[in-house]
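I am opening a fresh page for this structure. Short notes follow, in the order I looked things up.

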Amino acid sequence: MTDITSPCIRCCCLDDDNICLGCHRTLEEITEWGQADNSRRQAICDAATTRGKQRRAVMMMRES
């Protein structure tokens with residue numbers, strides 16, 4: 001089985017909620033990544049994807 005690849009895009013900057021503006025993972029998820037199994041890594045990626053979509057939606061609403 002292939003390991004889940006980190007969603008890190010090397011654009012690391014945490015917001016006030018300790019969420020990375022690049023990959024949308026929480027600080028806890030980032031520090032957990034190295035020890036997480038593939039199931040947990042997939043859950044982290046799914047949560048980060050959802051956060052990214054929510055952030056983009058909020059930003060679009062603010063721009064309009």
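**Entry 1: the cysteines**

Is Cys-8 buried, partly exposed or exposed? I looked up its relative accessible area and found 21%, so Cys-8 is partly exposed. I note here that I am reading a predicted model.

Next I checked Cys-8 for a bonding partner. The closest cysteine sulfur belongs to Cys-12, and the gap to the sulfur of Cys-8 is 4.1 Å. A disulfide needs two cysteine sulfurs within 2.5 Å. The distance from Cys-8 to Cys-12 is therefore too far for a bond.

I did the same for Cys-11. Its sulfur has that of Cys-20 as the closest cysteine sulfur, at 6.8 Å. That is again too far for a bond. Cys-11 has a relative accessibility of 45%, so I file it as partly exposed.

How many disulfides does the count give? I get zero.

**Entry 2: the whole chain**

I stepped back to the protein as a whole. I find two helices and zero strands. Helix α1 covers residues 27–32, and helix α2 covers residues 38–63.

I boxed the C-alpha atoms along the principal axes. The box comes to roughly 45 × 20 × 15 Å.

The protein has 64 residues, and 28% of them count as buried. The exposed surface is about 4,700 Å². Carbon and sulfur atoms supply 54% of that surface.

I then turned to contacts with a separation of 6 or more. Of these, 42% join residues 24 or more positions apart.

Last, the charges. I have 9 positive and 10 negative ones, and their mean positions lie 4 Å apart.

**Entry 3: Glu-29**

I picked Glu-29, which sits in helix α1. Is Glu-29 buried or exposed? Its relative accessible area is 8%, so Glu-29 is buried.

What does the side chain of Glu-29 reach? I find the backbone nitrogen of Thr-26 at 2.9 Å. I also find a polar contact between the side chains of Glu-29 and Arg-51, at 2.9 Å.

I listed the residues that Glu-29 touches, leaving out those up to four places away in sequence. They are Arg-40, Ile-44, Ala-47 and Arg-51.

**Entry 4: Ile-44**

Ile-44 was on that list, so I followed it up. I place Ile-44 in helix α2. Its relative accessible area is 0%, so Ile-44 is buried.

How far apart are Ile-44 and Glu-29? In sequence they are 15 residues apart. From C-alpha to C-alpha I read 6.6 Å.

I also took the contacts of Ile-44, setting aside neighbours within four places in sequence. Ile-44 is in contact with Arg-25, Glu-29, Glu-32 and Trp-33.

**Entry 5: farther along helix α2**

I moved on to Ala-57, in helix α2. At 38% relative accessibility, I mark Ala-57 as partly exposed. I paired Ala-57 with Asp-16, 41 residues away in sequence. The two C-alpha atoms are 18 Å apart in space.

Then I took Arg-62, also placed in helix α2. Is Arg-62 buried or exposed? Its relative accessibility is 70%, so I count Arg-62 as exposed. Between Arg-62 and Ile-30 I count 32 residues in sequence. Their C-alpha atoms are 28 Å apart.

**Entry 6: backbone angles**

I closed with phi. Most residues other than glycine have a negative phi. I therefore looked for exceptions to that habit.

Asn-18 is one of them. It is not a glycine, yet its phi is positive, about 60°. Asn-18 lies in the segment before α1. Its relative accessible area is 34%, so Asn-18 is partly exposed.

Where does His-24 lie? I find it in the segment before α1. His-24 is no glycine either, and its phi is positive at about 70°. Its relative accessible area is 12%, so I note His-24 as buried.

Methods. Residues numbered from 1 in each chain as written. Predicted model: local features only at pLDDT ≥ 70, side-chain atom pairs only at ≥ 80, totals over all residues. Heavy atoms only, no water. Buried < 20%, exposed > 50% of the residue type's maximum accessible area, 1.4 Å probe, protein only. Helix = DSSP H or I, 4+ residues; strand = E, 2+ residues; numbered from the N terminus. Polar contact = N/O pair within 3.5 Å; in protein donor to acceptor, adjacent residues only side chain to side chain. Contact = heavy atoms within 4.5 Å. Areas by Shrake-Rupley, 256 points an atom, 1.4 Å probe, with all protein chains shown as cover. Lys, Arg positive; Asp, Glu negative; His and termini not counted. Charge placed at Lys NZ, Arg CZ, Asp CG, Glu CD.
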